[in-house]
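Biologist: Please show me the structure before we begin. I should then like to put some questions to you about it.

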Amino acid sequence: MTVVVLAAGGGTRMKSKTAKVLHPLAGRSMVGHVLAAVAELQPRRVVAVVGHQREQVAPHVSEAMPEALIAVQKTQDGTGHAVRIAWEALPEADREGTVLVAYGDTPLLEGRSLAAFLEDHQGAGRAVSILSGIVARPHGYGRVVRDADGGVTGIVEQKDASPEQLAVNEINSGILAFDAAFLREALPRLSADNAAGEYYLTDTVALARQDGLGVGAFPLDDVLQTEGANDRAQLAELGREKNRRIVADWMRAGVTVMDPATTWIEVDVQLAPDVTILPGTQLLGATVVEEDAVIGPDCTLQDVEVGAGARVVRTHGQLAVIGAGATVGPFSYLRPGTRLGAGGKIGAFVETKNAQIGDGAKVPHLSYVGDAEIGEGTNIGAGTIVANYDGVHKHRTVIGKHARTASNNTFVAPVTVGDGAATGAGSVIREDVPAGALAVTAGPQRTISGWVLRRREGTAQADAARAAGAADEQAQEI
């Protein structure tokens, strides 16, 4: 079997510098979803026909499916012309068997539906099969025309249809299956004698009928799979529907989703049974969440690994790893390279970047930890800053196991704090601290009695101080 994916259209209604088929939803481009669906069929060959903005589309297709052939349709003269371009790009050995023609802007398309369609086509031994659907409002679609016995006689496009044909509600999805031998003979016979002046691939249906060959239609119950997006409003509608299907599939697989309407899960995300997702959560890219983890509310995780039993609250994370039983948030920012060990903690208003935080280690409050390694069981005090950048280069900070650093510390990298060491509050650590040592850089405290009464007389602060007995201290100081 050979698959032709048509991705040459201009998509002017998108009003975008990005090619129509490259607009994303659910973690892939529209054409990326189609390529994934046809890949499930394990075809012998896939040909993608590109044209408009091919400098964008061709590299994207090659990245998504390196083995695909690229055929260039320099002028968009209709679907029949596009398939002829694809046919000419095929090696002779691939011009046999079945040829499936799909479209690059149908992101809801599923491989299992295409497999059922092809099984019907090949089982009936037809020259042409149409993937059709029954819709309440068929405006804009080509209609499947049948005779009195229900046999398919042709497809008529909206602009060429008679009033009687416009009343037909069986539509052509555009997805067709051909016997390759018939397609070889039919493509040169297509004509552009129609209202659009284009070569319609659908005219092959009438040609097959003329030749006395088998023609049929396979109505797809889930016709939304064949819906395309012509503008951004339609793209958003398809995105919502795709997400609804993804979320529903995960719930059937044992994932608890508290509010499906505010939960977004992209297609490559992997979730274990008994994961719980709370409202306002987005799981993007290649995110993986293991069993019994709870994510949300209000989290965005992209390409993040979350271990079993972890708890992540109101957090933005990207390219990070969260260990089993760890806790993150609320209001945490995990930048790329963050690795939090099992049972560890990244707490409220903490930002981490390229930081390895060991098992059971904690960064609980109001801190920035970048380009750092924090050992097992260590506790980082509130308000800590790892000063990793000297204005030219990034440097690394290493804090050992079971260390205890105090509040409002600044670690000026590169610096190493040994296992079991400690630091004093407000310290700026510029030199290495040996294992088991205490490092203190703040000077001794000075207490000046009566200062408020001398310098802030007549204020609420002075009144409070006097009421607390500060007057006698003032007298003694004077």
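Modeller: The exchange below concerns a predicted model, and it moves from domains and pockets to helices and single residues.

Biologist: Into which domains is the protein chain divided, and how far apart are their C-alpha centres?

Modeller: The chain is divided into domain 1, residues 2-226, and domain 2, residues 255-439. Between the C-alpha centres of domain 1 and domain 2 the distance is 49 Å.

Biologist: Which residues lie nearest the centre of the largest pocket?

Modeller: The largest pocket has a volume of about 1700 Å³. Two or more residues of its lining come from each of β1 (2-7), α3 (79-89), β10 and α8 (232-252). The lining has 50 residues, and nearest the centre are R13, K20, Y103, D105 and N230.

Biologist: How do the residues of that lining divide into nonpolar, polar and charged?

Modeller: Glycine is counted here among the polar residues. On that basis, the lining of the largest pocket divides into 17 nonpolar, 24 polar and 9 charged residues.

Biologist: Where does the second largest pocket lie with respect to the two domains?

Modeller: The second largest pocket holds about 570 Å³ of space. Of the 25 residues lining it, E110, K242, I246, D249 and V267 are the closest to its centre. Domain 1 (2-226) and domain 2 (255-439) both give residues to this lining, so the second largest pocket lies between them.

Biologist: Which helix gives the most to the lining of the second largest pocket?

Modeller: By class, this lining has 10 nonpolar, 4 polar and 11 charged residues. At least two residues each are supplied by α1 (30-39), α4 (111-124) and α8. The one that gives the most, with 9 residues, is α8.

Biologist: Why can the buried residues of α7 be said to line one face of the helix?

Modeller: In α7, which spans residues 203-210, the buried residues are T204, V205, L207 and A208. Viewed down the axis of α7, these buried residues fall within an arc, so they line one face of the helix; the arc is 165°.

Biologist: Which elements are included in what covers those buried residues of α7, and which residue just after the helix takes a positive phi?

Modeller: The cover over the buried residues of α7 includes β7 (128-134), β9 (152-156), β10 (170-179), α6 (180-186) and β11 (215-219). Just after α7, a positive phi of about 75° is taken by G212.

Biologist: Which exposed residues does α2 carry on the face turned away from its buried side?

Modeller: Helix α2, residues 54-64, has V57, A58 and V61 buried. Down the axis of α2 these buried residues fall within an arc of 95°, so they line one face of the helix. Their cover includes β1, α1, β4 (45-50) and β5 (69-72). On the face of α2 turned away from the buried side, the exposed residues are E55 and E63.

Biologist: What are the omega values of the cis peptide bonds before P297 and P414, and where are these prolines found?

Modeller: P297 is in the loop between β18 (294-295) and β19 (300-302), while P414 is in the loop between β33 (410-412) and β34 (415-417). The cis bond joining G296 and P297 has an omega of about 0°. For the cis bond from A413 to P414, omega is near 0°.

Biologist: What phi does D292 have, and what phi does N354 have?

Modeller: D292 is in the loop between β17 (288-289) and β18, whereas N354 is in strand β28, residues 351-357. D292 counts as partly exposed at 45% relative accessibility, and N354 counts as partly exposed at 29%. Neither is a glycine, yet phi is positive in both: about 65° for D292 and near 50° for N354.

Biologist: With which residues is A308 in contact, leaving aside neighbours within four places in sequence?

Modeller: A308 is in the loop between β20 (305-306) and β21 (311-312), and is partly exposed with a relative accessible area of 33%. A308 and V289 are 19 residues apart in sequence, but 7.4 Å apart in space, C-alpha to C-alpha. Leaving aside neighbours within four places, A308 is in contact with E290, E291, A324 and G325.

Terms used:
Residues numbered from 1 in each chain as written. Predicted model: local features only at pLDDT ≥ 70, side-chain atom pairs only at ≥ 80, totals over all residues. Heavy atoms only, no water. Buried < 20%, exposed > 50% of the residue type's maximum accessible area, 1.4 Å probe, protein only. Helix = DSSP H or I, 4+ residues; strand = E, 2+ residues; numbered from the N terminus. Arc of directions from axis to C-beta. Contact = heavy atoms within 4.5 Å. 1 Å grid on protein atoms, 1.4 Å probe; cavity = no way out; pocket = protein on both sides within 12 Å on 5 of 7 lines; lining within 4 Å. Points joined across faces, edges and corners; volume = space filled by probe spheres on them. Domains from an automatic or database assignment.
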